[in-house]
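Colleague: Hi! Could you walk me through this one?
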Amino acid sequence: MTGQVACGHAGFLPARLPHPLLGGGADQLWDRRIAESTGHEVLDVPAADHGLELPDDPLGSIDVLRRVAARLDRFVASLAAGR
């Protein structure tokens, strides 16, 4: 399962390829501590749900989407640069 990540209460499967881990603190399947223990780049949005949305806060959810898009943009650029 090289390059694949499974998250949940059982933790993450080993992944050899670099990739960002994104999660929301209101998601019962997300565990920031486990994500950080993998050594991969982590974006944790404390109040976000599994869809990385903020309940009853559409404008806040748009800001989260901007953060996710910016993080993914930097990640893809780092791959293109060979980092």
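Colleague: Which residues of β2 are buried, and on which side is each?
Modeller: Val-42 and Asp-44 are buried on one side, and Leu-43 and Val-45 on the other, so both faces of β2 are covered. Buried means under 20% relative accessible area with a 1.4 Å probe, protein chains only. In a regular strand the side chains alternate between the two faces of the sheet.
Colleague: Nice. Is this a predicted model, and what are the ground rules?
Modeller: This is a predicted model, where local features need pLDDT of at least 70 and side-chain atom pairs count only at pLDDT 80 or more, while totals for chains, interfaces and linings use all residues. Residues are numbered from 1 along each chain as its sequence is written, and side-chain values use heavy atoms, with hydrogens and water left out.Colleague: What does β2 pair with?
Modeller: Strand β1 (residues 21–24) runs parallel to β2, joined by 4 bridges; pairing takes at least two DSSP bridges. Leu-22 has Leu-43 as its bridge partner. Strands here are DSSP E runs of at least two residues, and helices are H or I runs of at least four, numbered from the N terminus.
Colleague: How does the chain get from β1 to β2?
Modeller: Through helix α1 (residues 32–37), in a right-handed β-α-β crossover. Right-handed means that, with the strands pointing away from the viewer, the path from the first strand over the helix to the second runs clockwise.
Colleague: Switching topic, what does Val-45 touch?
Modeller: Beyond neighbours within four places in sequence, Val-45 contacts Gly-23, Gly-24, Gly-25, Leu-54, Val-64 and Arg-67, with contact meaning heavy atoms within 4.5 Å.
Colleague: And how many of the 83 residues, as a percentage, are buried?
Modeller: The figure is 33%.

Definitions and conventions. Residues are numbered from 1 along each chain as its sequence is written. Side-chain values use heavy atoms; hydrogens and water are left out. Buried means under 20% relative accessible area, exposed over 50%, partly exposed in between (1.4 Å probe, protein chains only).
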